[in-house]
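Let's go through this one together, one question at a time. Have a look first.

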Amino acid sequence: MTMPSQLRRTDVSDLGADSLPAALARWARERADERAVTFVDYQSDADGVAVSLTWRELDARVDAVAAWCAGRAERGDRVAVLVEQSAEYVVAFLGALRAGLVAVPLFPPSPLPGHNDRLAGVLADCGPRIVLTTREQADGVELFLRERKLSGPRLAAVDVLPQAAFDPVPLAAEDLAYLQYTSGSTRAPAGVMITHGNVVANARQGYTAYECDAATTSVSWLPLFHDMGLVVGLAVPVLGGFAATLMDPLAFLIRPQRWLQQLAATPGPAVSAAPNFAYGYVASRTTEAEKAELRLDHVVSLGDGSEPVLPATLAAFYTKFADCGLAPRMHRHTYGLAEAVVMISVSPAGSPPRQRTFDRASLAAGRAVPVEPGAEHGSTLVSAGRPVDQKLRIVDPETGVVLPDGRVGEIWSSGANVGVGYWGRESAEVFEAVATDADGEPVAPYPGRAGWLRTGDLGVVLDGELFITGRIKDLIIVDGQNHYPQDIEVTVEQAHPAIRRHTVAAFAVAGPSGEQAVVVAERAKQVAAADVDTAELTAAVRAAVSQAHGLALREVKLLEPGAVPRTSSGKIQRSACRARYAEGTL
């Protein structure tokens with residue numbers, strides 16, 4: 001199956017920088033006093049306090065960090081960024097890159113469950129020479145490093161480093177820029193090696209796909225240590241020379257309306273992106289009075305990725321905010337993963353992402369058979385569009401043979417944005433896979449690439465558009481039948497009012513006669529625990545799953561709000577649920 005690259009509508013020919021630090025230096029010369037980045041602080045003031053840096057100011061701050069780092073590390077050494085969400089994060093990350101070092105975008109220590117264990121594991125894996133933080137976080141970071149016996153790196157607070165001139169070191173496209181650690185939703189975290197050429201290529205692709213220009217403002221609450229947050233909130237604006245407005249993820253979770261308020265406040269075209277759950281969350285939490293104050297006609301693109309895009313969520317969001325000027329044509333279903341920086345494909349601009357309904361049983365058997373919308377036993381998927389300046393194939397994961405349109409297989413990608421491997425691990429089988437046609441002849445990857453990236457995701461192409469059907473490792477196979485967990489999860493959400501939306505995980509566990517399916521879900525916050533008849537809820541879920549999927553559940557577990565494990569970007573961690581269930585710790 002062959003997919004042509006999506007046609008580019010935005011001219012990016014003048015974005016000739018070969019690295020993000022070089023792009024920053026250019027805009028510091030050409031747009032010195034224009035706003036580069038703003039962080040809106042809701043912690044000190046519930047209405048938000050905006051702190052901004054111009055391009056000239058950002059460039060000078062980055063020079064200070066680069067000068068300090070370059071005097072204490074050698075080319076290729078790792079620099080861990082343990083900075084809270086802020087403009088200082090941008091300064092720290094770009095300073096490490098400008099010094100010719102390898103940034104590792106992370107986060108400060110926190111009492112959140114599992115947070116510090118993951119941080120310690122990543123630091124042990126990448127072995128940083130330097131740790132960058134802020135004055136406010138420095139004592140806590142130093143204590144954390146000492147307690148975890150990670151006291152080797154030099155520590156610096158980027159917000160108190162003195163101004164210093166710095167002659168940028170030459171950066172080649174093949175030089176490592178940073179390690180993007182995966183969120184670990186389906187495996188242990190691994191550091192994807194991203195080169196300067198990789199991130200510039202994907203930033204250009206994002207600039208094109210989201211129809212950005214010099215007047216654009218990017219608005220993002222996504223954490224900057226996450227792949228989508230780093231690209232949407234930092235890489236694309238820096239390469240494109242337009243302003244970025246950043247918020248803390250917690251500020252969004254406490255009052256999601258703030259996201260739309262910041263979009264409304266932009267003086268010109270605005271772009272943003274978020275996981276699918278955020279669209280339903282902000283729609284459910286915004287009052288009519290708050291909605292009346294929002295004008296969002298100037299929004300150009302709203303990216304949606306990192307988890308399955310649900311038709312019901314899109315309908316709820318755009319119905320809710322239609323009076324504010326939002327329209328489904330602004331929505332851009334974006335498919336990608338950290339191994340490709342972030343973006344592989346995106347739905348086209350100017351029209352809503354296409355929705356297609358397929359026969360569920362045929363889809364599970366590996367064939368996309370269209371049926372009428374609303375058909376019984378149908379599964380409606382939202383198109384992820386076409387690849388952006390890269391190649392994509394649907395491949396039989398067992399044989400490596402490229403499949404024809406309409407067949408479900410593993411999504412393989414090849415492009416200038418694909419990383420070069422996992423840090424400290426043999427990863428050629430993931431990043432340099434060989435695809436063949438039906439006659440056994442090799443299928444050429446993107447020029448300059450050694451092979452194809454195996455995404456681990458399942459998809460199908462129909463009429464030239466990509467539809468994501470699930471993850472290989474998440475498939476539930478019971479009695480020889482394939483079941484996609486996201487289909488089961490939607491059914492469970494709707495089975496009983498005491499189940500909290502977007503908190504359901506379905507996964508397979510080993511049973512005495514083969515795999516069996518288990519479902520866990522959180523109790524809805526508005527329903528008191530004493531008011532839940534657990535037996536009645538369990539019976540309702542079992543009946544709904546049996547009727548819709550022909551599947552008998554081994555167990556249904558109802559957990560307290562917040563108890564289902566999630567990744568840093570808000571995705572449900574099915575593998576973590578499975579592991580904790582097996583351990584009896586869920």
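Here are some questions and answers about a sheet and a surface patch.

Tutor: This is a predicted model, where local features need pLDDT of at least 70, side-chain atom pairs count only at pLDDT 80 or more, and totals for chains, interfaces and linings use all residues. Residues are numbered from 1 along each chain as its sequence is written, and side-chain values use heavy atoms, leaving out hydrogens and water.

Student: Which strands stand at the edges of the open sheet, and why?

Tutor: Okay, strands here are DSSP runs of E with at least two residues, and helices are runs of H or I with at least four, numbered from the N terminus. Two strands pair if DSSP finds at least two bridges between them. The sheet's order is S24-S25-S26, with mixed pairing. Each edge strand has a single partner, so one side is left without a neighbour in the sheet: these are S24 (505–511) and S26 (553–559).

Student: How many bridges join S25 to S26?

Tutor: S25 covers residues 514–522 and runs parallel to S26. Across that pair, Ala 521 stands opposite Leu 558 in S26. The number of bridges joining the two strands is six.

Student: Is Ile 254 buried, partly exposed or exposed?

Tutor: Ile 254 sits in helix H8 (residues 249–254). Buried means under 20% relative accessible area, exposed means over 50%, and partly exposed is in between (1.4 Å probe, protein chains only). At 47% relative accessibility, Ile 254 therefore counts as partly exposed.

Student: What separates the C-alpha atoms of Ala 563 and Glu 522?

Tutor: Ala 563 lies in the loop between S26 and helix H17 (574–583). Along the chain, Ala 563 and Glu 522 are 41 residues apart. Their C-alpha atoms are separated by 6.9 Å.
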